[in-house]
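Student: I would like to learn how to read a model like this one, feature by feature. Could we begin with the whole and then turn to single residues?

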Amino acid sequence: MDCSTIERTEGHVDLSLPTLGSRLQAWFNRTFVHSSRLDLEAMPDRVKRDLGFLDGRDPPYEGW
């Protein structure tokens, strides 16, 4: 005779102070510190080219 058991695994919520502190800090960093804007000035040219902001050619030479 086969006996199959279905076990329920419910996630244990850790409500300790260090865990709550680290979760609050991670939420704060995602929400306020790290923005989703691109900083084109700080981005290397290879990344700009990969994203399509540059066409891969060198900038035109502006003489004297």
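**Reading burial, contacts and charge**

Tutor: Of the 64 residues in the protein, buried ones make up 5%, and please keep in mind throughout that this is a predicted model. The protein exposes about 7,000 Å², of which carbon and sulfur atoms supply 54%.

Student: How many helices and strands does the protein have?

Tutor: There are 2 helices and 0 strands. Helix α1 covers 17–33, while helix α2 spans residues 45–51, and the loop between α1 and α2 contains Leu 38 as well as Met 43.

Student: How should I read burial for a residue in that loop: is Met 43 buried or exposed?

Tutor: The general idea is to compare the relative accessible area with a cut-off, since a residue is called buried under 20% and exposed over 50%. Met 43 has a relative accessible area of 13%, and it is therefore buried. Leu 38, from the loop between α1 and α2, counts as exposed because its relative accessibility is 53%.

Student: Which residues is Met 43 in contact with, leaving aside its neighbours within four places in sequence?

Tutor: With those neighbours left aside, the contacts of Met 43 are Leu 38, Lys 48 and Leu 51. Lys 48 belongs to helix α2, and when its own neighbours within four places are set aside in turn, Lys 48 touches Leu 40, Met 43, Phe 53 and Leu 54.

Student: Why does Lys 48 count as buried?

Tutor: The same kind of reasoning applies, for Lys 48 counts as buried because its relative accessibility is 17%, and the cut-off for that class is under 20%.

Student: Which residue forms a salt bridge with Lys 48?

Tutor: The partner is Asp 45, with the closest N and O atoms 3.8 Å apart, and the count for the model comes to 1 salt bridge. Asp 45 and Lys 48 both lie in helix α2, where they are 3 residues apart, or about one turn of the helix. Asp 45 has 46% relative accessibility, so it counts as partly exposed, whereas Lys 48 is buried.

Student: Which residues form the nonpolar patch on the surface?

Tutor: Leu 38, Leu 40, Leu 51, Phe 53 and Leu 54 form it, and together they have about 460 Å² of accessible area. Reading the contacts alongside the patch, one finds that Leu 40, Phe 53 and Leu 54 are among the contacts of Lys 48, and that Leu 38 and Leu 51 are among those of Met 43.

Key. Residues numbered from 1 in each chain as written. Predicted model: local features only at pLDDT ≥ 70, side-chain atom pairs only at ≥ 80, totals over all residues. Heavy atoms only, no water. Helix = DSSP H or I, 4+ residues; strand = E, 2+ residues; numbered from the N terminus. Buried < 20%, exposed > 50% of the residue type's maximum accessible area, 1.4 Å probe, protein only. Contact = heavy atoms within 4.5 Å. Patch = residues over 30% accessible without salt bridge, like charges linked within 9 Å, V, L, I, M, F, W, Y side chains within 5 Å. Areas by Shrake-Rupley, 256 points an atom, 1.4 Å probe, with all protein chains shown as cover. Salt bridge = Lys/Arg side-chain N within 4 Å of Asp/Glu carboxyl O.
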